[in-house]
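Please look through the sequence and the model below with some patience, since the paragraphs that follow move from one part of it to the next. It helps to keep the 3D view open while reading.

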Amino acid sequence: MSFVGKKYKLDKSENFDEYMKELGVGLVTRKMGNSLSPTVEVTLEGDTYTLTTTSTFKTSAISFKLGVEFDEETLDGRNVKSIITLDGNKLTQEQKGDKPTTIVREFTDNELITTLTIGSVKCVRVYKAV
């Protein structure tokens with residue numbers, strides 16, 4: 001788990017606007033979301049992980065135990081049930097709600113590749129270790 005305690009800053013993003021549109025995010029929020037370069041950090045205390053996303057607009061943190069469902073308010077304001085599992089260097093998050101979403105975060109030594117999928121829409125966001 002070499003990704004714990006590392007920070008990753010958004011470097012490039014592909015299809016994020018389409019992804020947000022599919023979620024039902026309004027135009028103004030989508031424009032703001034597309035203009036941000038957030039930083040992501042995963043920390044671990046005991047068996048509880050915390051995933052913090054920081055940007056100039058908003059900071060969000062979710063705390064979770066692997067394989068245990070939890071309530072989450074997403075950055076776009078949806079209330080969902082999430083469950084996160086770890087397979088090697090990949091954290092997979094299943095969000096259950098009106099619009100089920102899968103978020104796969106794959107960590108390498110110098111990158112975090114996040115793949116967000118809702119229905120047939122897929123978005124890939126690449127973060128660089130800072």
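Is Phe70 buried or exposed? In this predicted model, Phe70 is buried because its relative accessible area is 12%, and a residue counts as buried when that value is under 20%. Phe64 also counts as buried, because its relative accessibility is 2%.

A pair of aromatic rings is described by the distance of the centres and the angle of the planes. The model holds five aromatic pairs. One of them is formed by Phe16 and Tyr19, whose rings are stacked, with 6.3 Å from centre to centre and 15 degrees between the planes. Both Phe16 and Tyr19 belong to helix α1, where they are three residues apart, or about one turn of the helix. Phe16 counts as buried because its relative accessibility is 15%, and Tyr19 counts as buried because its value is 4%. Phe64 and Phe70, with which this walk began, form a stacked pair as well, their centres 6.0 Å apart and their planes at 15 degrees to each other. Elsewhere, Phe3, Tyr8 and Phe107 are linked by ring pairs into a cluster.

Phe16 deserves a second look, as Arg125 lies over the face of its ring, at 3.8 Å from the ring centre. Phe16 also leads to the largest pocket, which holds about 730 Å³ of space. Of the 33 residues that line this pocket, Phe16, Thr53, Leu75, Asp76 and Leu116 are the closest to its centre. Helix α1 gives the most to the lining, with four residues, while the elements that each supply at least two residues include α2 (27–35), β3 (48–54) and β4 (59–64). Sorted by class, the lining of the largest pocket has 18 nonpolar, nine polar and six charged residues.

Strand β3, which has just appeared in the pocket lining, can also be followed through its pairing with other strands. Strand β2, residues 39–45, pairs with β3 in the antiparallel sense over seven bridges, and within this pairing Glu45 has Thr48 of β3 as its bridge partner. The two strands form a hairpin with two residues between them, and Gly46 in the turn has a positive phi of about 65 degrees. Strands β3 and β4 run antiparallel too, joined by six bridges, and Leu51 stands opposite Ile62 in β4. These two strands form a hairpin as well, here with four residues between them.

Conventions:
Residues numbered from 1 in each chain as written. Predicted model: local features only at pLDDT ≥ 70, side-chain atom pairs only at ≥ 80, totals over all residues. Heavy atoms only, no water. 1 Å grid on protein atoms, 1.4 Å probe; cavity = no way out; pocket = protein on both sides within 12 Å on 5 of 7 lines; lining within 4 Å. Points joined across faces, edges and corners; volume = space filled by probe spheres on them. Nonpolar A, V, L, I, M, F, W, Y, C, P; charged D, E, K, R; others polar. Pairing = 2+ DSSP bridges. Phe/Tyr/Trp six-rings, centres within 6.5 Å; stacked < 30°, edge-to-face > 60°. Buried < 20%, exposed > 50% of the residue type's maximum accessible area, 1.4 Å probe, protein only. Lys NZ or Arg CZ within 6 Å of the ring centre and 35° of its normal.
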